[in-house]
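Dear colleague,

I am passing on the structure we spoke about, and below it I have written down what was found. Please keep it open beside you while you read.

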Amino acid sequence: MIAAKDKIMTNTSLPGPARDEVQAHRGASAIAPENTIAAFRAAADQGAKWVELDVALSADGELIVIHDDSVDRTSTGSGSLGDLTAEQIGQLDGGSWFDSRFAGERIPTLAEVIKALGEFGLNINVEIKQHKHHQSLDQLVNAVHAAISKRPAHMQIMISSFDPECLKAMHKLAPELELAMLWGRVPDNWEALLADIPATSIHAHYKGLCIGLLEQTSAKGIKVRAWTSNDPIELVSFWGAGLTGVITDNPKIFLG
Ligand code: G3P
Ligand code: MG
């Protein structure tokens, strides 16, 4: 549980998490196009220490920072990741769909993001997406491991995924990393499922949390972060019960 001295007040004067437990969801995606360098820069400008981002493989096996399995929603282009090379994806406009001010913003690779975020002083929660076009779990996790191995020494990394197999494979490659299991609603047998990976953190939809669960997880030393909350009132009763952190589109509302 977070000690009272480490807690901050949100900018609504409600209780909130420690500053380094506010993660910008896909960057500060409320004010800039998700999963772009602009969104990560905005998160840093708001005072966030961590960003959450999504990664998946292109047709030629490069790790792309993107949420969906196609570029349709978040660019001016179209097509599935499994049919597009990293070079083709890199030529798309990934910003003007959000606002014309972001025209020309690119859909980045994980390598590009790690370089930029090292300069911004941000840490990264890498959410590994498992899509149908991925041919091999090994290819996916090896690519993640290779990319994060080139991070600057000061950058912290954690890995999250809805797929426990991704987390198990990452644990074999890098047992020192914090691993977070993603769930909408946390299943009753969470403790056994975490031990099987093994993972020490749960990232759960905030509507799937309750005080009883948080008291159990905090008693076991398991960290729990809530996604995706954009209103401090939604979480106000959870901090005292042991909620660790929040993943939000708008970090400034939790940063006091
Ligand atoms: O990591 C929390 C959150 O990002 C999981 O859902 O769909 O936004 O990647 P999604
Ligand atoms: Mg995500």
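Does Asn142 count as buried, partly exposed or exposed, and why? Before the answer, please bear in mind that this is a predicted model. Asn142 has a relative accessibility of 40%, and because buried means under 20% and exposed means over 50%, Asn142 counts as partly exposed. Asn142 belongs to helix H4, which covers residues 137-149, and its C-alpha atom is separated by 29 Å from that of Gly221, a residue 79 places away along the chain.

The next point is the metal site. The magnesium ion (ligand 2) has as its protein donors Glu52 (OE), Asp54 (OD) and Glu127 (OE), which lie 1.9 to 2.1 Å from the ion, and the spacing of these donor residues in sequence is E-x1-D-x72-E. Since Glu52 sits in strand E2 (residues 50-57) and Glu127 in strand E4 (residues 123-128), the pair ties together parts that are 75 residues apart in sequence. Both Glu52 and Glu127 are buried.

Finally, there is the nonpolar interior. The largest nonpolar core has 64 residues, and the members that touch the most others are Val126 and Ile159, while H4 gives the most to this core, with 6 residues. Leaving aside residues up to four places away in sequence, Ile159 touches a list of residues that includes Val126, Val144, Ile148, Leu167, Met170 and Leu177. Another core, of 10 residues, lies apart from the largest one, and among its members are Ile64, Ile66, Val71 and Ile107.

With kind regards

Terms used
Residues are numbered from 1 along each chain as its sequence is written. Chains are lettered from A and ligands numbered from 1 in the order in which they are written. This is a predicted model: local features need pLDDT of at least 70, side-chain atom pairs count only at pLDDT 80 or more; totals for chains, interfaces and linings use all residues. Side-chain values use heavy atoms; hydrogens and water are left out. Donors are N, O and S atoms within 2.8 Å of the metal (3.2 Å for Na, K and Ca); water is not among the atoms, so sites may look incomplete. Helices (H or I, at least four residues) and strands (E, at least two) are DSSP runs, numbered from the N terminus. Buried means under 20% relative accessible area, exposed over 50%, partly exposed in between (1.4 Å probe, protein chains only). A nonpolar core is a set of buried Ala, Val, Leu, Ile, Met, Phe, Trp, Tyr and Cys residues joined through side-chain atoms within 4.5 Å. Contact means heavy atoms within 4.5 Å.
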